[in-house]
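Me: I am new to this structure and should be grateful for a close look at a single part of it. Please explain, in connected form, how that part is put together and what surrounds it.

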Amino acid sequence: MQEGNAHQANVKLKGITAVDGLVMGVARVYSRGNINIDPEPVDESRLPDEKKKFEQARKTVGLTMERLSDFADSRNDSDTRDIMNAQYEILHDPELEASVLRLIDQNSFRAEKAIYDAFQHYIDLIKSSEKSFLVSRLSDLRDVRDRLIHNVQQLTVVASFGKDAVMVAEDVSPIEVITFARSGVRGIICTAGGLTSHASIIANAMGIPMMIGVKKVMRAVRDGDTVILDGLGQNVIVRPDDETTSSYTRVIKWHKEEEKFLRQVIEKPSETLCGTKIQLQANIDFEDEVLNIDKYRAEGIGLLRTDTLLMNSGPITMDRKRQEEFCQTAYSGSGSGPVTVRLLDVGGDKLLSLKAREANPFLGWRGVRILLDRRELLQSQLEAICRVAGRYPGRTRILVPMISCLDEFLDVKKEMEDIQSKIEKRGVPVDRKVKLGIMVEVPSVAIQVDMYASHVDFFSIGTNDLTQYTLAVDRGNNLIASLYQPLHPAVLSLISMTVQAGEKSGIPVAVCGELASDPLAALILAGLGVRELSMTPRLIPKVKQAVRLHDLEEMKSLAANFLSCGTRVERMAIRKEWSDKYELKLKDMRAKTGAPQ
Ligand code: PEP
Ligand code: MG
């Protein structure tokens, strides 16, 4: 049965799998804009908590406003800055604050109800006044009120999703995915979203199956319905009937067994059938993931994203000590392997509040561009990394994101040398062998890669952005998701050029984009000459398995086939042919080890 209304059983909806997996759970419909106020008073003992929630929300909203105002200032956007400043004043109006706290105290209101009523009082006053200039304040008042309530509700709602929840939403931001992950949800289903959007990447890192582009899901599902997220079949099933439920229960069990089988490969070396070593490293976004480095035997960290440090705080500033702590955890959790710390790469889709202010955020104020505009941020990051690097000599690589011209790199390099000298003078041990490299993710770099090769210590290819910028396809836009083709020959040619430049100048070339974790793509990349692949650790066994079952000649021939592929249809046909053969190899292996068929 297809689509259907909100009462039919077994409604099947098609979507795109952003994070593979198969889960059954209870749908929790999540909407960022919803403001439902619960008017019921709370028990007196909860009043201090309600006040705390209000104060906390006030702080968070204030920080967001400061950030937006700063951002507007740096772009000479005085309109936005004035609005933000006006709203900031409302937020800090002592009378408003006092009336919210009074309503909580005297009427035992929840924070959101007190905020709503306090603001409504002022809105009503303005509406009844004759002064037309005040009317323009109405939308500011409503905006501040809604931001506050939304914030308070997020604090309350988060805890109540429940462990068997499958979140259903129009769209989710990276921060929301983190929130979901921390409350232990089983899966995420969205109508919008992109395969390599940062929300999908974080869901992947957290191991939460996610489907995007499930167009009718908000209409078909009711909060509390049973849903099945079938990432393998690219389906969502709403209110499954008994037969579907029991067949999926069987499949879910089979997959758990299959995972166990795959775990056997973890202890085996990562090398091709013919013995070529392919280093498999970890992409790490959060401290919580560091344990996975050893669990999946990653050989060091190929990409330590530091962006999440900022997402958790307010304005674009980062506490140096906090950064040191984060790096320290990464070093101590990754044996003796390399640690590739990437400098802050926010902008694009990583700061929702900024996104709204730029017409083309992915072509805008992002990565190294922000760092060079905000020197203090760059300096604090470099200092934090260099301080920790000194404690672990020989292990550090610093990666600069979103480089599009050589000047940017040279500027960062100079800052790093200055920071090293500065801290050395203060007696801090410094590792002068720290490697400084760049992300190859903007075509201008790949096209002139030989020029960069004589300045940098290593390249790391970011296929997520390289694909988006080469093919002019927004990585987060599901309307054009089918055009997002990281194995397009144009992208592969740029990768191949980078590998050749690396070979010529003797500098390492890694791939740290999502492509590295697709087993077929990993073979193609190895066929092009890449010897370091970095990915979410839990995907390492799948890739290692594929590497171990092919020899280099097969990989080279796959790479050559894809490089000369004219159309998507041809690429799909080669993938199908490869995957059929690979399935047979795996079946053979399972039979030998007595694993489930
Ligand atoms: C990439 O662009 O491929 C990459 C690894 O960086 P991010 O996904 O964080 O932009
Ligand atoms: Mg990138």
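Reply: Leaving out residues up to four places away in sequence, Ser99 touches Ala118 and Tyr122. The model in which this contact appears is a predicted one. Ser99 belongs to helix H3, and its relative accessibility of 9% makes it a buried residue.

From helix H3 one may follow the chain onward to Ser108. This residue sits in the loop that joins helix H3 (94–107) to helix H4 (111–128). Its phi is positive, at about 55 degrees, although Ser108 is not a glycine. Is Ser108 buried or exposed? The limit for a buried residue is a relative accessible area under 20%, and Ser108 has a relative accessibility of 19%, so it counts as buried.

Ser108 also figures among the contacts of Leu47, a residue of helix H1 (residues 47–74). When neighbours within four places in sequence are set aside, Leu47 is in contact with Val42, Ile104, Asp105, Ser108 and Phe109. Leu47 has a relative accessible area of 6% and is therefore buried. A further link concerns Arg110: it is 63 residues from Leu47 in sequence, while the two C-alpha atoms are 7.7 Å apart in space.

The account now turns to the open sheet. Its 8 strands follow the order E1-E8-E7-E3-E4-E5-E6-E2, and their pairing is mixed. Which strands stand at the edges? They are strand E1 (11–14) and strand E2 (16–19); each has a single partner strand, so one side of each lacks a neighbour in the sheet. From one strand to the next, the twist averages 30 degrees.

Within this sheet, strand E5 (residues 187–190) deserves particular attention. On one side, strand E4 (residues 165–169) pairs with E5 in the parallel sense over 4 bridges, and Ala169 stands opposite Cys190 of E5. E5 also pairs in the parallel sense with strand E6 (residues 210–212), over 2 bridges. In this second pairing, Ile188 faces Met210 of E6, and Ile189 stands opposite Met211 of E6. Helix H7 packs on the sheet and touches E2 and E6; the direction of H7 makes about 60 degrees with that of E2.

Side chains give a second view of E5. In a regular strand, side chains alternate between the two faces of the sheet. In E5, Gly187 and Ile189 lie on one side, Ile188 and Cys190 on the other, and all four are buried, so both faces of the strand are covered. Together with helix H7 (residues 198–206) and E6, strand E5 makes a right-handed β-α-β unit.

Elsewhere on the sheet, helix H9 lies across E3, E7 and E8 and runs at about 115 degrees to E3. Helix H9 (residues 242–263) consists of 22 residues, and its first and last C-alpha atoms are 32 Å apart, close to the 32 Å expected at 1.5 Å a residue. Its buried residues are Thr244, Tyr248, Ile252, Glu258, Phe261 and Leu262. Why do these residues lie on the same side of H9? The reason is that they cover an arc of only 165 degrees around the axis. The cover over them includes strand E3 (22–30), strand E7 (226–230), strand E8 (235–238), helix H22 (540–548) and helix H24 (568–593). By contrast, the face of H9 turned away from its buried side carries the exposed residues Asp242, Arg250, Lys253, Lys256 and Lys260.

One further residue completes this view of the sheet. Gln234 occupies the loop between E7 and E8. Although Gln234 is not a glycine, it has a positive phi of about 55 degrees. With a relative accessible area of 33%, Gln234 is partly exposed.

Note on methods. Residues are numbered from 1 along each chain as its sequence is written. Chains are lettered from A and ligands numbered from 1 in the order in which they are written. This is a predicted model: local features need pLDDT of at least 70, side-chain atom pairs count only at pLDDT 80 or more; totals for chains, interfaces and linings use all residues. Side-chain values use heavy atoms; hydrogens and water are left out. The expected span of a helix is 1.5 Å times one less than its number of residues. Buried means under 20% relative accessible area, exposed over 50%, partly exposed in between (1.4 Å probe, protein chains only). The arc is that of the directions from the helix axis to the C-beta atoms. Contact means heavy atoms within 4.5 Å. Two strands pair if DSSP finds at least two bridges between them. A crossover is right-handed if, with the strands pointing away from the viewer, the path from the first strand over the helix to the second runs clockwise. Axes are lines fitted to C-alpha atoms, for helices over the stretch in contact, and angles run from 0 to 180 degrees between N-to-C directions.
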